[in-house]
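Trainee: I have the sequence and the structure open. Shall we go through the fold step by step?

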Amino acid sequence: MSSILKVEQLSISFGGIKALNQVSFEVEKGMIYSIIGPNGAGKTTIFNCITGIYRPDDGKIFFKGEEITYLKPYQVARKGIARTFQNIELFSHMTTMDNLMLGRHLHMKTGVWRGATFIYKNSKAAKEEIAHRKKVEEIIDFLELQSARNHFVVNLPYGTRKLVELGRALALEPELILLDEPSAGMNMEEKGDLMFSIQDIRDDLGITVILVEHDMNLIMDISDRILALNYGEKIAEGLPEEIQRHPEVLKAYLGEEEKVA
């Protein structure tokens with residue numbers, strides 16, 4: 001396998017607090033790579049640096065061999081990196097379909113709404129909108145969101161809204177997707193379905209996945225490789241079974257007496 005993402009000596013501070021301190025890791029194409037650690041460990045900060053929301057103080061980030069360290073968020077998205085957020089970032093008074101259509105904006109040449117309002121059915125704008133709607137329908141089927149298609153997001157259950165946000169990220173057609181706490185607020189059945197969806201994203205869509213998640217059973221079941229952080233520093237990296245037994249991980253994150261089932 002070849003590397004799709006490489007992070008070298010990444011460091012960033014906020015008000016004198018070192019959020020990340022020389023963190024390095026590499027993600028191979030086709031992997032489900034997970035980042036774990038207690039609250040404040042720096043997990044979401046890594047995502048914000050990768051996607052251009054934060055500018056690191058030091059270090060470099062490479063995507064498919066090209067440095068993207070100081071690109072703006074829209075430039076990172078154009079390269080083929082999409083993400084979801086720990087707190088849902090959807091337009092709550094728009095439908096599922098409309099939210100997913102907004103996820104197609106980087107692929108649209110005529111604007112998000114122009115195709116929908118254009119008078120002539122055979123116009124370029126109208127044809128483009130039909131093509132984008134077809135792609136969105138494929139995502140709705142893929143995530144089994146048919147019943148939520150025409151519902152306003154504000155009226156959907158929390159777990160379904162998390163899936164809509166995942167769908168919007170998939171609408172970008174990324175090569176790499178960053179999932180920040182995707183199972184938060186989900187019940188056990190929804191988490192089980194999510195696990196299969198993440199595996200299908202990798203296996204069926206060919207998208208590499210980086211996952212930040214607190215549910216350790218989900219992490220251990222789904223991950224190819226895991227990075228563990230504590231206080232902004234890398235304390236371990238390896239296969240799930242290695243991380244599960246790593247003394248520093250058990251001490252910092254799981255509790256010294258606790259082991260993952």
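**Reading the fold**

Mentor: Start with helix H1. H1 is mostly covered, with 7 of its 8 residues buried. Keep in mind that this is a predicted model.

Trainee: Which residues of H1 are buried?

Mentor: Buried here means under 20% relative accessible area. The count for H1 is 7 of 8. By name, the buried residues are Lys 43, Thr 45, Ile 46, Phe 47, Asn 48, Cys 49 and Ile 50.

Trainee: Which strands does H1 lie across, and at about what angle does H1 run to E2?

Mentor: H1 covers residues 43-50. H1 lies across strand E1 (3-14), E2 and E4. Just after the helix comes Gly 52, with a positive phi near 85°. The angle between H1 and E2 is about 70°.

Trainee: In what order do the 4 strands of the open sheet come?

Mentor: The pairing in this sheet is antiparallel. E1 and E4 pair over 5 bridges, and Lys 6 has Phe 62 in E4 as its bridge partner. E4 (residues 58-63) is joined to E5 by 2 bridges. The order is E2-E1-E4-E5.

Trainee: Which strands stand at the edges of that sheet?

Mentor: An edge strand here has a single partner strand, so one side is left without a neighbour in the sheet. The two that fit are E2 (17-28) and E5 (66-67).

Trainee: Which residue takes a positive phi in the hairpin of E4 and E5?

Mentor: The hairpin has 2 residues between the strands. Phe 63 has Glu 66 in E5 as its bridge partner. The positive phi, near 55°, belongs to Lys 64.

Trainee: Where is Thr 69, and is Thr 69 buried or exposed?

Mentor: Thr 69 is in the loop between E5 and helix H2 (73-79). Its relative accessible area is 1%. The cut-off for buried is under 20%. Thr 69 therefore counts as buried.

Trainee: Which backbone nitrogen does the side chain of Thr 69 reach?

Mentor: Setting aside residues up to four places away in sequence, Thr 69 touches Pro 56, Gly 59, Lys 60 and Ile 61. The side chain of Thr 69 also makes a polar contact of 2.8 Å with the side chain of Glu 67. The backbone nitrogen, reached at 2.9 Å, is that of Ile 61.

Trainee: Which residue makes a polar contact of 2.6 Å with the side chain of Arg 104?

Mentor: Arg 104 is in the loop between helix H3 (96-102) and helix H4 (114-117). At 6% relative accessibility, Arg 104 counts as buried. A polar atom of its side chain lies 2.8 Å from the backbone oxygen of Ala 171. The contact of 2.6 Å is to the side chain of Glu 173.

Trainee: Which residues does Arg 104 touch, not counting residues up to four places away in sequence?

Mentor: Two have come up already: Ala 171 and Glu 173. The list also holds His 132, Lys 135 and Val 136. In full: His 132, Lys 135, Val 136, Ala 171 and Glu 173.

Trainee: Which residues of E3 are buried on one side and which on the other?

Mentor: In a regular strand the side chains alternate between the two faces of the sheet. Strand E3 (residues 32-36) has 5 of its 5 residues buried. One side holds Ile 32, Ser 34 and Ile 36, and the other Tyr 33 and Ile 35.

Trainee: Which residue in E9 stands opposite Ile 36?

Mentor: E3 runs parallel to strand E8 (residues 208-212), joined by 4 bridges. Ile 32 has Val 209 in E8 as its bridge partner. E3 also runs parallel to strand E9 (residues 225-230), again with 4 bridges. Opposite Ile 36 in E9 stands Ala 228.

Trainee: How many residues does the largest nonpolar core have?

Mentor: Those with the most contacts inside this core are Ile 36, Leu 166, Leu 170, Ile 177 and Ile 198. Apart from it lies another core, of 29 residues, among them Leu 20, Tyr 33, Ile 68 and Val 212. The largest core has 44 residues.

Trainee: What share of the residues of the protein chain counts as buried?

Mentor: The chain has 10 helices and 10 strands. Its length is 261 residues. The buried share is 51%.

Notes: Residues are numbered from 1 along each chain as its sequence is written. This is a predicted model: local features need pLDDT of at least 70, side-chain atom pairs count only at pLDDT 80 or more; totals for chains, interfaces and linings use all residues. Side-chain values use heavy atoms; hydrogens and water are left out. A nonpolar core is a set of buried Ala, Val, Leu, Ile, Met, Phe, Trp, Tyr and Cys residues joined through side-chain atoms within 4.5 Å. Buried means under 20% relative accessible area, exposed over 50%, partly exposed in between (1.4 Å probe, protein chains only). Two strands pair if DSSP finds at least two bridges between them. Contact means heavy atoms within 4.5 Å. Axes are lines fitted to C-alpha atoms, for helices over the stretch in contact, and angles run from 0 to 180 degrees between N-to-C directions. A polar contact is a pair of N or O atoms within 3.5 Å; within protein, one must be able to donate a hydrogen and the other to accept it, and residues adjacent in sequence count only if both atoms are side-chain atoms.
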